[in-house]
Structures are given as C-alpha cells and as structure tokens.
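Hi there,

Here is the structure I promised to pass on to you. My notes follow below it, so you can read them with the model open.

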Amino acid sequence: MPWQLYASWALATRLDALYLTIYALFALGGYVTRVIVEVMLKPEIHDPQGEAVLSASHRLGFGNVTEVRQGKRFELEIDGPAGGEALAAVEELARELLANPVIEEFTLRAAE
Amino acid sequence: MQIGVVTFPGSLDDADAARAVRYAGAEPVSLWHADRDLRGVDAVILPGGFSYGDYLRCGAIARFSPVMAELVPAARAGLPVLGICNGFQILCEAHLLPGALTRNAGLRFITRDVRLKVDNAKTPWTAGYVSGQQLLVPLKSGEGAFAADEATLDALEAGGRVVVRYDSDAPNGSARGIAGICSEAGTVVGLMPHPEHAIDALTGPSADGLGFFASVVREFAGAAR
Amino acid sequence: MSDKDTVEVAADTPELSQPFAALGLTPDEYEKIRQILGRRPTAAELALYSVMWSEHCSYKSSKVHVRKLAPNEQQSTALLAGIGSNAGVVDIGQGYAVTFKIESHNHPSFVEPHQGAATGVGGIVRDILAMGARPVGVMDALRFGPADAHDTARVLPGVVSGISFYGNCLGLPNIGGELAFDACYSGNPLVNALCVGVMRHADLKSAVATGPGNKVILFGSRTGPDGVGGASVLASATFSGAEGKAAKRPSVQVGDPFMEKLLVECCLELYAAGLIEGIQDLGAAGIACATTELAAGGDGGMNVNLDDIPLRDPALGPAEILMSESQERMMAVVSPANMATFFQVCAKWDVEATIIGEVTGDGTLTMTWRGGTVVRIPPRTAADGPVYNRPMSRPADLDTLQAAGPDGLERPKDGPALRETLLTLLGAPELADKSWVTAQYDRYVRGNTVLAMPEDGGLLRVDEQSQLGIALATDGNGRYCRLDPYEGTQLALSEAYRNVAMTGARPMAVTNCLNFGAPEDPAVMWELAEAVRGLADGCAELGIPVTGGNVSLYNQTGNNAILPTPVIGVLGVHDDVRRRAGAGFTTEGAQVVLLGSTRDELGGSSWAHVIHGHLGGHPPTVDLDAERRLASLVAAAARNGLLASAHDLSDGGLAIALAESCLRGAQGCRITLPGDPFTALFSESSARALVSVTPGREPEFAALCAANETPATVLGATGGPTLAVAATFEVPLAELRQVWERTLPALFS
C-alpha cells in the first residue's frame, strides 16, 4: 500500500502511536537502503590539508580551533532492505575500495 | 627483450615510457588495462599519469583492472615490474609494495628536477647504476609523499629495500626522503620521479634516467645466456 | 514551461510578452528575430538567439574591426584554414600542420578562480581537438590586480591551481606564458589560455554538417545545468508549468579533465579511422552553438530531438538544455555506414555517445521536444548574429597622458643608485621569478619539450627523426597600449615575434586575444579599433597571417576599464630543435653582445611604473624591419652553432635581461655599458637581444651581424660569480638570486 495512503488513514483514524510504529517498520523494510561511510586518515598519518584548514581558520579569527583533520564521506544507496547483510557488504567494500587500510580507517552506519 | 607498458584510462606517460624502452634497446609492447593479457612480455612498466583522474585515491581504481589480475601473480612469481609515479601508487594500492603515497606536504603539485641517490643498485631496474650514484631526474606530482608506519620504514631500510632517495630534503615531505622502494625479492620497484623524462639532454635535465631501462635490458640479456 | 511553447503556439500567440531583455537582447534584436522567423520566437528559440547573439558568442561589437585581421594572399600561403574555423591551421612542412589559438576565460576566473581557469583550459583544448589535431601543449597569459592585494591572494592561487589541475591531468605540457600585475585588473583578472595541436595535413577536420541522412551524435559528458544563468528567467514566463521549479541553478561550470582526456583519445581514434564527416566542440552556448554552427556550415539543415540528449539533471527544459555549458562534450556528424564502429570506439574509451538528430536537405535547424517542435530557424541567422558599428572616439585624456612623459622623473645617478634600482626592479612581482606558479605545471609530459619557461619561448619537438619543432610565445603590454594602442599592439606583436626568434625558430603565424573594457564606451572602441589596425598592419609588414583569436569585452568594474590589453601569440617553426639557444649564460668566457639600437625610451616602462608609479609619454618606437632582421640573424646564428645563449630585451630593459641570463645560466658576467648607464640599463627600446657567442666563433658572428645590418655592441664576457658592470656596480649572483626568488613565495605561499 502506498505509504501516503496508509499514513493518511492512520492519522484519520487517530490510532497514532500504533499505526505510526507499524508504518515505520514498513518504511524501514522498504527497498532502498542508505549507508554512510566516513573515511579518515589514521591518527599517525600527516594531514597537511587539515593543517592548512587549521591555519586558515585561525587567520579568519577562529582561534579556539585547535585541530582539524580532513576526511571523506561516502553516501551509498543499496538495493534491498537495511540490516546486517547490507552493512556487512558495505563494510567489505569500504575495506577493499573506499579506504586504503595502510593509511586510512573508516566508520559506517545506516542512514535513517 | 619485450617490455610491456600498461595504458589505463588517464595514463599520460605511457608513450614516454615506451620511448625510453626503445632508447634502451628493447621493444615496447602496449598493454591495455581491460585485457587480461600480458602478451608474454619479459617485464612490465606501470607509467605515470592520472589513471581514472586520481578519483577516490591515486591508483585506487586502476589496481582492480583486468590487466592487474594477471600482473599481480606474475610479479609475485618474479616478473620485473617498474611503477613510475602513478604506477608506484598503483603498486602500493595493489599491495605489491608496502606503504602509500600521500598528498605533497606543501599541498601543491610540484614539477622540479631533483637530485636522487641510488641506494640499491642490485634490483633488475638499477643494476646498471653504482650504489651511491647521483641522478638528476624530474619529479612531477601532487601526491608524492611516501608514508608508512615506523615498523615498515625500519624494515625497508634494514632490508636494503630503499632503492632511491632524495639527495636533500624531499620536496614533497616523503618519509625518510624515500623516492623509490622495491619488493622483498627486489624485482618490483616503485619510484615517484620520472626516469623516462631524463633520457636525453635535449628534452630533459639529463640522460641519467635511461639507466633504469638499460639495466633491465642488460639483466635480461645476461639471464638469457 | 517552455516545453509547451512550440512553433505552432508561438505563431498563434504573437502578443505574448517575452523576457528578452533579461536574456540580454535589445528591443531591436528581438524585433529582428521576429522578422527572421515571421512570428514571435518560442522560448527555446529565444534562449538560442540570446546566447548566439551575445557579445561573447557573436562578436557583434568587434566584428567590423576584427575582420581587418584577415590575411592577404601573401600572408596566406602557409595557411590551411583561417579565421572563422575553430582555430587557424598552418603548414609547417614535412606533411605536418599545426593549429593553435588563444582564448579568454576572464569573468568565470574572477567568480570561481579554480574552476574558471580549469574550464578555460578545457575549452581551448577542445577547440584544437575539433580541428582534427592532437593537442600537444598549452600556455597561459595571466593578469591580476596588485600582487599584495587581498583579492589577488584569493584569485591568483586559485587560477594557477585550476590550470595545473586541468592541464596536468590532461597530459599537456605547459611551456610558457606570462604573469603581470596591475591595479586595473583587480576586479577583472585576465586568464588567456593558449593551446597548440599537431596533425598531418590529411587529418584536418571541419565544422560542417553535410550529407542528408548523416547522423548527428553528441558524445562526452552528460548535459547539466552548468553555466545556465539566464534560462531561469524563462521559467517565469506565462507558459510556465514550472510549479516550484527551483531558480537556484549553479552558474559555475565544473571541469572534469579525466573525461576530457578520454574524449581526446576517443576523438583521435575516431579521426584516424575516418569515422567522422564533421565535428564541433561544445563551448560557450553549448548545444545551441554547436548545432547552429554545424548546420550553418553545411549545405542542408539539421533535425535534432532534444529528448535524446543525455541529461545529468532530468528536470532541464529545452531552453536550459540549449544554453547549458556543461564541459567535455563534442558533436559529430557520422554517416550511417560508420555508426557501429563509431560507437565501438566510444565504448572502448567509456565515452557516452548518443544520436540526437540527423542532417537534412531543408536548410532549417529544427528541434523537437516531447512531441512538439520547439525550434525551427534558419541556422545561419543565429550563427552570424548582428553586426554593430559602435561609436568610437579618442580618449579625452590621451593628449595629456602622452604629454606627461617620463623625462622629468628622477633618475639614479651613480653606481649604488643604479644597483639599487636594478634590485628593486628584479624583485618587483611583475619581473621576479615565476617558479612559484610554473612549478605547479607539468612541462615534461609527452617527452617533447625542448624549451619551457622561463625561456623566451616554448619549443616542442614535432618529429623525433627529423628534429622538426614548433616554438610559441605570448606577450602583451597594457601600459604601452594605454599610451598608444596602435604602437602598443605592434610592440606586443614584436615581442612575441622576437621571443619565438630567440629559440632559433622562424615566426610564421599569429593568434590574438583582445581584452578590453565595455564596447559602449567610445574610448574603449577606439582603443580596440586602433589595436586591431596596429596588429593588421604589423602582421602585413612582417608577412605573417593572423590565423584566429578571441575578443573579450566588458572587462571593467563600474567605469573603470582595464588597460587595453591585446595579448598576441606567435607560432614559429624550427628546422632542428637541437640547434636551439637558451637564455642563460651557460658557457664561461663567452663574448656578451647586445644586438640592436638603444634610445632613451622610458615611456610606459617597468622602471617608470615600479619606481615612480608613473604612466605617461609614448611607448618605445616600433621597428618591424629591425625585428625581422634580428629574428633571421638569431635563427641563422643558432643554426650554425654560433650562439651559446640568446635572450630578448623587454620589460626592464638590459638590466633585467642581464640579470636573467646570469641567473638562468648560474654564471655571472663582466661588462661595460655603452653610453649613459641609466639609458643603457633601463630603456625599453624594441628590436634588441642579449646574446653570448660560442668561444672561437666571434668573427663569424660579427660578420653575420654586419651582413644582417643589425648593430652589435660587444659588452664583455660571461664568467665569475657576480654581475659586474665596470665602474658602476657589482652584484653577487647569490644576492641577485635571493632578491629574485623570494617575492612570489612570500606573497602567495
């Protein structure tokens, strides 16, 4: 059932909490998953870009910024339900391709 | 002797590497990134350039090319491989060499004729030089700072696996002034500066770079006897 | 929205008010369009005419003048394609042809320096590619506000990084250019990009759509909203079904040099296999321009289905699609027999290619969208555009300016004062070491670079067997042109000509980028007309053709126009690149000789500008006959191995030339100055060069000079650790180097 119709019906009948919960489960059980992967240089790797950003911040008057590290953020859309499998696949992709394990580390999470 | 030169989408110095091979008296063979085929060559060069536009990370996408699927096992089995600049980056991404190449310390692309010192004149690519020999070779890169953890760097030094070093301060902030390293077996060499642009005084700062190509030709001729 | 505005609807609704003014069209121009079509234009047609008739695309204010640059018969003997093609093509012998052009990307580089400069490189490279040539080198002429100005610190590093990012990734060696600073460029930086390409004669391509039934193919990047500013205006027209369609569109074009590299290799393979009937690159005014020019160049017409254009943004309407300036796109005309192979080659290079239409015999450019015809025009009417004869008048202040010459300025009188003047000039941003910029460019890629900056000209080898090569130089001088646009332009031409000659090459063709203020200003138009007249006369006298170029107007902020700045590029051919002379004193004990005549000429000079902030008087005398003789002298001397070095004199005169030759060769010299030391050192008389002679060959060289009727004054000899001017001053090389090298890094690092 299209979510709009369902939501309208749920609101109309005012069975809010219950139906919104059911709706939410349906939505999460939908067919596209978004996963966010963030890649940062390992702490011991020199980050000249982060340093340059720090200097520029100070020149702009933000003297209380004491450190800047620069990384990358990937937004992936996966076909299929969110869950352990999708996240595991992305983790493998991150390890193989998105991050260079010699100098980078990463975190990932499903976006709601 | 036949030396393969791989062309990835975005490779730039492949023609120049081929020219250097010809100057050294061998036959360059063009290898296409999408072909799982090394065409029976006796050695392979991964040339400089911006494979895949340096997207994601330099060499990160090229290392998954079909040709690399053939090259990696061949290299592990002893096929001599020389990775120049982007080629060095690809070799590191493919884990044929340790460490990684990172953004220049000054954050800008640098083109400069640099003085190098040959530390290891025993690899097939440097056997024609003498240990300690000085070379004047162009460096031209934006991500040329070699980085690795201390343990790896110590192991490289201890194992004599630093092949060439910057003679004075590395203009890109490379760890321990490292300009080039080799695999444990010594047959896979990666270096950031471009020897193929120093093969004659007409178009380069010197002809010092020709030795990389002449060395492997000589080694092959010697081995073939 | 404009997708409902078909030609039928337009014919039925003649009274509909259209936002032509917001799109940059005058009421007269709008009326003209209505006359041409016999009805009001559709929204898509209005968008198309508005970009095609813009100053940038149509040259409507400058055409009447720029036409005068067309070469005469004598100049044209080596020309294979002239003005009007994408880029002029010159025969350099041995079956090779060279195409080159310089183009501006000024305003975008002020808005977004990195991407503006990057896409400027991309655009000129595609122009060269569309001629059928492999691009082999680039150069950049850059002008910014004062070096220590706050905004220059924003614009300059961004422009340089943009050129570096795009050119290096494309694999094109950057072999020369210029860097100048002046307050007048503060809000209007000049970024003029030159590209040169080489091909065999048979490879020459044309931008023509012939052969009804041939297909029109768009290939390269997808089309997005890049560069679409004015089209959002159309969204608010009456036929808008645009409910909430965002007016927020990016107006900065973003470049992808990797895609362009793929496009270059793909095109060259298509050319080599003979798969293309005609080709056009997409630059300013994107699809609008490419389709009208291809259709106008051919003998028939063209049908295009806008629905088939691959889009990055599916929400684009026809007007936006037509106006989009998305980068890295080309348009080809391909016969049905070649289609399959064409697509195979594109697939190999991962270049997306789509059939968007076909060539017809009906003399009309017709475009459809969602079942309706949204464009139906005679293509030549869009491609040709209006021609204006703007009023011109000599600037009211020019007499006063010319009368206020530099003779009253205080001059250094003794050795120490002259020494200090030399060092002040040498450390001035406009004369100091440019390595901070040029080290960010790859000069080595392709392995054919024989000379690159800071040499006088770039020199590229074309043939590894015969050692045939080409030399290039770009030069401009806003100060000289302000004092006298006619003479100033001829001086810029002379300097570029001379720079090419210093490499040992024979100058043979000219390109130009005319950077001026607003054409509505009669003084600006007068300057433009005078500059063009100077260039036309100068090229005719030197016997070399102008093969093409570019005009950039509206370089001004409020009422403050830039100094008139025509930038001239000269191409030369070198028979044997091994016989080249560089600028540096590389040989010790070589005789140092000053070629040419020196007069007291300081008007518009670097000395007057740097030391006194003065601009007035007349620029140095032009002597094209002397330039021609000097060029042939240096070429002959270099060919015969008589010269250890050759360096032309320009900004800063002999003083700077001496310092540069010492620094370049890492070798000092001991010289005696002829005549008044100040004049000898800082005058900027033209047609002069500083050479050092191969030891032992001095009598031969002297004889050659005499036969050539070029005055040759022996100054002294190379050698030693100092620049020593007898009885005047001495400066250790280390001190020269320190002063020269520290300026730009201190400002921009």
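**What I found**

In chain C, C:Asn303 stands opposite C:Glu358, a residue of β11(C). Please keep in mind as you read that this is a predicted model. The two residues just named belong to a longer pairing: strand β9 (residues 301–305) of chain C and strand β11 (residues 353–360) of chain C run antiparallel and are joined by four bridges.

β9(C) has another partner as well. Four bridges link β9(C) to strand β12 (residues 365–369) of chain C, this time in the parallel sense. If you want a spot to look at there, find C:Met302, whose bridge partner in β12(C) is C:Leu365. While you are looking at strands, it may help to recall that side chains in a regular strand alternate between the two faces of the sheet.

Now to chain B, where there is a bigger arrangement to trace. Nine strands of chain B make an open sheet with mixed pairing, in the order β2-β1-β3-β4-β11-β10-β9-β6-β7. Which strands stand at the edges? They are β2 (27–32) and β7 (134–141) of chain B; each has a single partner strand, so one side of each is left without a neighbour in the sheet. From one strand to the next, the twist averages 25 degrees.

Within that sheet, strand β3 (residues 43–46) of chain B pairs with strand β4 (residues 81–84) of chain B over three bridges, in the parallel sense. B:Val44 has B:Val81 as its bridge partner in β4(B). Helix α1 (residues 14–23) of chain B packs on the sheet and touches β1 (2–7), β2, β3 and β4 of chain B. The direction of α1 in chain B makes about 170 degrees with that of β1(B).

Chain B also touches chain A. How many residues does each chain bring to the contact? Chain B gives 11 residues and chain A gives 10 residues. On the chain B side that touches chain A, five residues are nonpolar, two are polar and four are charged.

Finally, chain A itself. Its secondary structure comes to four helices and three strands, which follow the pattern α-α-β-α-β-α-β along the sequence. Of the 112 residues in chain A, 9% are buried. Taking the contacts in chain A between residues at least 6 apart in sequence, 64% join residues at least 24 apart.

Happy browsing, and do write back with any questions!

Best wishes

Definitions and conventions: Residues are numbered from 1 along each chain as its sequence is written. Chains are lettered from A and ligands numbered from 1 in the order in which they are written. This is a predicted model: local features need pLDDT of at least 70, side-chain atom pairs count only at pLDDT 80 or more; totals for chains, interfaces and linings use all residues. A residue is buried if 20 or more other C-beta atoms lie within 10 Å of its own, exposed if 12 or fewer, and partly exposed in between; C-beta atoms are placed from the backbone. Two residues are in contact if their C-beta atoms, placed from the backbone, lie within 7 Å. Two strands pair if DSSP finds at least two bridges between them. Ala, Val, Leu, Ile, Met, Phe, Trp, Tyr, Cys and Pro count as nonpolar, Asp, Glu, Lys and Arg as charged, and the others, Gly among them, as polar. Axes are lines fitted to C-alpha atoms, for helices over the stretch in contact, and angles run from 0 to 180 degrees between N-to-C directions.
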